[in-house]
Amino acid sequence: SEAWIEGRKPLDLCVSKAKNEVGRDLMAGKLATLWAKLKKPSVKYSLIGLLSTGFISGILFWGGFNTGMEATNTMTFCISCHEMRDNVYQEYKKTIHYSNRTGVRATCSDCHVPKDWTHKIIRKIQASREVWGKLTGTIDTKEKFEAKRLVLAEREWARMKSVDSRECRNCHSFDSMDTEKQKMRGAKMHKIAQDEKQTCIDCHKGIAHTKPQGMKEDADEDL
């Protein structure tokens, strides 16, 4: 009957309230158990002590790792070996990327190392080949370097083209160019590059270093 149902409502409310209280007690009990486990000692140390040590050690490792990685992006590091200092660095010092009227200098890492962390790590792994070359002395003389210049250049050009000259675009972009302030030939070539979906390295291979002998473009021009 309706009267019987109405009489049951207070009881239902009491049961529901009791269930909620039991649920809260269970949750509090689980949290207390978890905290007790965290404080419970292992053979020598508490679990919370071990976790804290691991957390702090992780921060120190990560900080040291990133500090070391950034140190390899400095100009000092790049020219610390004579292969770079005596060859490409001397060429680079004669270019606008090294010295210009605005005083803005593009360093080695600005052109050859991605800025975002993921691609930077990949590039650093790729650079292990260069370390091997240093250890084995494949380019430790001017003659050896010139003999491999084309291979080394083509490898880097291919990398840059595969990422749409990503490092160049950190400073340069078609959207920010005012072609009316460019020389006629430059404005024309940039328009063609946009129309044909070309990337920076397609035309600017000799922008910071001497072009290698035997380039395909040179051979095509001689035909």
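So, Cys111: with 24% relative accessibility, this residue counts as partly exposed. Keep in mind that we're looking at a predicted model here. Is Cys111 bonded to another cysteine, or too far for a bond? Too far: the closest cysteine sulfur belongs to Cys168, and that's 6.4 Å from the sulfur of Cys111.

Widen the search to the whole structure and you get zero disulfides. Cys78 is in none either; its nearest cysteine sulfur sits in Cys108, 4.0 Å away. A pair has to come within 2.5 Å to count as a disulfide, so 4.0 Å doesn't make it. And Cys78 is buried, by the way, at a relative accessible area of 18%.

Okay, the fold. What do we have in the way of helices and strands? The protein chain has 12 helices and zero strands, so reading from the N terminus you just go α after α. There are 223 residues in the chain, and 22% of them are buried. The exposed area of the chain is about 16,800 Å², with 63% of that coming from carbon and sulfur atoms. On contacts: take those between residues at least 6 apart in sequence, and 60% of them join residues at least 24 apart.

Now the rings. The structure holds six aromatic pairs. One of them is Trp62 with Trp117, a tilted pair, 5.4 Å centre to centre and 35° between the planes. That one ties together distant parts of the chain: Trp62 belongs to helix H2, Trp117 to helix H7, which covers residues 117–126, and they're 55 residues apart. Both count as partly exposed, Trp62 at 45% relative accessibility and Trp117 at 40%.

Then there's Tyr89 with Tyr92, also tilted, at 6.1 Å centre to centre with 40° between the planes. These two share helix H5, residues 88–92, and sit three residues apart, about one turn of the helix. Are they buried or exposed? Buried: Tyr89 has 14% relative accessibility, and Tyr92 has 5%.

Back to Trp62 and Trp117 for a second, since they're part of a cluster: ring pairs link them with Phe61 and Phe65.

Last stop, the surface. Which residues form the nonpolar patch with about 460 Å² of accessible area together? That's Phe55, Ile56, Ile59 and Leu60. Ile59 is found in helix H2, residues 47–71, and at 48% relative accessibility it counts as partly exposed, because the exposed class only begins over 50%.

Technical notes:
Residues are numbered from 1 along each chain as its sequence is written. This is a predicted model: local features need pLDDT of at least 70, side-chain atom pairs count only at pLDDT 80 or more; totals for chains, interfaces and linings use all residues. Side-chain values use heavy atoms; hydrogens and water are left out. Patches are made of residues with over 30% relative accessible area and no salt bridge: like charges are joined within 9 Å, nonpolar side chains (Val, Leu, Ile, Met, Phe, Trp, Tyr) within 5 Å. Accessible areas come from the Shrake-Rupley method with a 1.4 Å probe; for residues, only the protein chains shown count as cover. A salt bridge is a side-chain nitrogen of Lys or Arg within 4 Å of a carboxyl oxygen of Asp or Glu. Helices (H or I, at least four residues) and strands (E, at least two) are DSSP runs, numbered from the N terminus. Buried means under 20% relative accessible area, exposed over 50%, partly exposed in between (1.4 Å probe, protein chains only). Contact means heavy atoms within 4.5 Å. Rings of Phe, Tyr and Trp (its six-membered ring) pair if their centres lie within 6.5 Å; planes under 30 degrees apart count as stacked, over 60 as edge-to-face and the rest as tilted.
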